[in-house]
Amino acid sequence: MDNPIIMNKYSIERTLGNEIKPYNYDEFVKNFKINIISRSESDLEFDLVGIDVAVANSLRRVILSEVPSMAIEKVHIYQNTSYIPDEILAHRLGLIPLKADPRQFKMKEDENSEPNEHDSLVYEMKIKCTKKDLDALAHKQFISFPVYAKHIKWLPLGNQKDIFTEKDVGIISDDILIAKLRPGQEIELKMFAVKGLPKDHAKFQSVCTAWYRMMPDIKLLDEIKGNDALLLQSCFPKGVIGLKSVKGVLNAFVEDSRKDNSSRNVFRYKQFDNKILLSKIQDHFIFTIESVGAMDPSVIFLEALNILIRKINSASESN
């Protein structure tokens, strides 16, 4: 974009154009890009280039509030003699992330209907602490028996046993602490998980977080050498400013603007006045998605795109 956001010492200067250009589809297609920077089972970082901030923010909001997932909705408590009250225990269980892929389940039409293999998952937990359990712990400093998510067991409904395994629909992390028991205390309960939307409850979020930031742009307007070059490098995160030796003298250069966190620490030093320009590229967004673990972050991104497209089509048809 021709009009970057300039970052001054105490302010931000939006260098917007004097006139608003009309939307041009061909120009949008030419300029729009998605560049995948890094990808793993839980994290995805990519660049969205050539779009307006409204589109980037709409995508973020859809990821956070409208991409469904599976979560424990109801808990039938048959026995709970632990120190944790029933309602707090049920709430903790509801926030435990599940591995189940929500695309393989239907939304429950009636919350009071009986659970079935198409819209529900059932789990149970039966655990009791005895003095023998405490004596068996390796570390004697433990004065209670910890109850972890690994103690939750899946109970297949209908033909689910033929379709899924415990690995497919179990708990994402086995070491989530649920409660602590003393000898004689026990917990026995059954849990029912359903498909839901994050805008109804945060436990249905498919991501830990989804966020974006504008691409930083750093320009050196004058040569910075010697000790000043070392000082300039210390003003930015590692890898932003590089140093090279020219005739035995250190010269600073911009190595990777992407790594900058926009701290503006460089403005503390008068020797850098009018020598450096910090800005943000308004149509270049660094987007990050961190999945809870049930779905690959790239799948979450595509699901959010499909939801956004359906919303746009629905709005177009209503006009």
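**Rings, a pocket and two domains**

In this predicted model, the charged end of Lys244 sits over the ring of Phe253, 5.7 Å from the ring centre.

Biologist: Which residues define domain 1 and domain 2 of the chain?

Modeller: The domain assignment splits domain 1 over several stretches: 5-15, 26-66 and 209-287. Domain 2 is given as 69-203.

Biologist: How far apart do the C-alpha centres of domain 1 and domain 2 lie?

Modeller: Take the C-alpha centre of domain 1 and that of domain 2. The distance between these centres is 44 Å.

Biologist: What is the volume of the second largest pocket?

Modeller: The pocket in question ranks second largest. Its lining counts 19 residues. The volume of this second largest pocket is about 380 Å³.

Biologist: Which residues lie nearest the centre of the second largest pocket?

Modeller: The lining holds 6 nonpolar, 5 polar and 8 charged residues. Those nearest the centre are Glu73, Lys74, Lys108, Glu111 and Val194.

Biologist: Which strand gives the most to the lining of the second largest pocket?

Modeller: Strand S5 (69-80) and strand S10 (186-196) each supply at least two lining residues. One strand gives the most, with 4 residues. That strand is S10.

Biologist: How many aromatic pairs does the count come to?

Modeller: Two rings pair if their centres lie within 6.5 Å. By this rule the count of aromatic pairs is 7.

Biologist: Is the pair of Phe28 and Phe32 stacked or edge-to-face?

Modeller: The rings of Phe28 and Phe32 lie 5.3 Å apart, centre to centre. Planes under 30 degrees apart count as stacked. The planes of Phe28 and Phe32 are 20 degrees apart, and the pair is stacked.

Biologist: Why is the pair of Tyr269 and Phe272 edge-to-face?

Modeller: The ring centres of Tyr269 and Phe272 are 6.2 Å apart. Planes over 60 degrees apart count as edge-to-face. The pair is edge-to-face because its planes stand at 75 degrees.

Biologist: Is Phe272 buried or exposed?

Modeller: Its partner Tyr269 has 23% relative accessibility and counts as partly exposed. Buried means under 20% relative accessible area. Phe272 has 3% relative accessibility, so Phe272 is buried.

Biologist: What do Phe28 and Phe32 count as by relative accessibility?

Modeller: Phe28 has a relative accessible area of 29%. Phe32 is at 29% too. Partly exposed lies between under 20% for buried and over 50% for exposed. Phe28 is therefore partly exposed, and Phe32 is partly exposed.

Biologist: Which residues form one aromatic cluster?

Modeller: The cluster includes Tyr212. Its members are Phe46, Tyr212, Phe285, Phe287 and Phe301.

How values were computed: Residues numbered from 1 in each chain as written. Predicted model: local features only at pLDDT ≥ 70, side-chain atom pairs only at ≥ 80, totals over all residues. Heavy atoms only, no water. 1 Å grid on protein atoms, 1.4 Å probe; cavity = no way out; pocket = protein on both sides within 12 Å on 5 of 7 lines; lining within 4 Å. Points joined across faces, edges and corners; volume = space filled by probe spheres on them. Nonpolar A, V, L, I, M, F, W, Y, C, P; charged D, E, K, R; others polar. Phe/Tyr/Trp six-rings, centres within 6.5 Å; stacked < 30°, edge-to-face > 60°. Buried < 20%, exposed > 50% of the residue type's maximum accessible area, 1.4 Å probe, protein only. Lys NZ or Arg CZ within 6 Å of the ring centre and 35° of its normal. Domains from an automatic or database assignment.
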